[in-house]
Amino acid sequence: MMDRIPIGLELNLTSRTVRRAFDSALLAAGGSLPVWLILLSLKRGNVDNQRELAEAIGIRGATLTHHLNGLETQGVLTRRRDPRNRRVHIVELTQAGEAFFARLREAAMVFDMRLKVGFSDDELSLLARGLNQLRLNVAGNTKEAGKKPPLLPDD
């Protein structure tokens, strides 16, 4: 009987390898994972302000501000104060931001196709269910259990 690598270790090793490859694909398109998550969230329109954006992508406000400052300097997005609440910043993509989003989206889609090579639709469904079960197993009874991972494009 062969000893198996614990599933958590196998998942960790796979995750790191996939993450590095995805980071490289985004870098080649001029972006990064945090930038992609910011643009994707803004494009999907599921956030109304900077605080909600930080929550949606799971980063701290200060880290988000750093990224937003750079993207604003590059002309990718604009920030303005909400006239109803001056403490709230509304973040929107510019025309250049729309083009940048399209470039990163293409890189993400090509990468996704690369990941799916050799899998049938049934195998991909089974893999998705298995990954969701792993999330459920570690999330316990929290409200996060069973939630779809944030910012996944609709299939």
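Which residues are exposed on the other side of α4? In this predicted model, the exposed residues there are Ala62, His66 and Thr73, and they stand opposite a buried set made up of Leu64, His67, Leu68 and Leu71. These four buried residues cover an arc of only 100 degrees around the axis, which puts them on the same side of α4. An α-helix has 3.6 residues a turn, so residues three or four places apart point the same way. The buried residues of α4 pack against several elements, namely the helices α2 (33-44), α3 (50-57) and α5 (95-116), together with the strands β1 (77-82) and β2 (85-93).

The length of helix α4 was also examined: the helix comprises the 13 residues 61-73, for which a span of 18 Å is expected at 1.5 Å a residue, and the end C-alpha atoms are 18 Å apart, in agreement with that value. Just after α4, Gly75 adopts a positive phi of about 80 degrees.

A corresponding treatment of helix α1, whose 22 residues are 7-28, gives an expected span of 32 Å at 1.5 Å a residue, and the distance of 31 Å between its end C-alpha atoms agrees with this. Helix α1 is followed by Gly30, for which phi is likewise positive, near 95 degrees.

On the surface, a nonpolar patch is formed by Leu11, Phe119, Leu127 and Leu131, which together have about 310 Å² of accessible area. Of these residues, Leu127 is located in helix α6 (residues 121-139), and its relative accessible area of 39% places Leu127 in the partly exposed class, since that class lies between the limits of 20% and 50%.

Conventions
Residues numbered from 1 in each chain as written. Predicted model: local features only at pLDDT ≥ 70, side-chain atom pairs only at ≥ 80, totals over all residues. Heavy atoms only, no water. Helix = DSSP H or I, 4+ residues; strand = E, 2+ residues; numbered from the N terminus. Expected span 1.5 Å × (residues − 1). Buried < 20%, exposed > 50% of the residue type's maximum accessible area, 1.4 Å probe, protein only. Arc of directions from axis to C-beta. Contact = heavy atoms within 4.5 Å. Patch = residues over 30% accessible without salt bridge, like charges linked within 9 Å, V, L, I, M, F, W, Y side chains within 5 Å. Areas by Shrake-Rupley, 256 points an atom, 1.4 Å probe, with all protein chains shown as cover. Salt bridge = Lys/Arg side-chain N within 4 Å of Asp/Glu carboxyl O.
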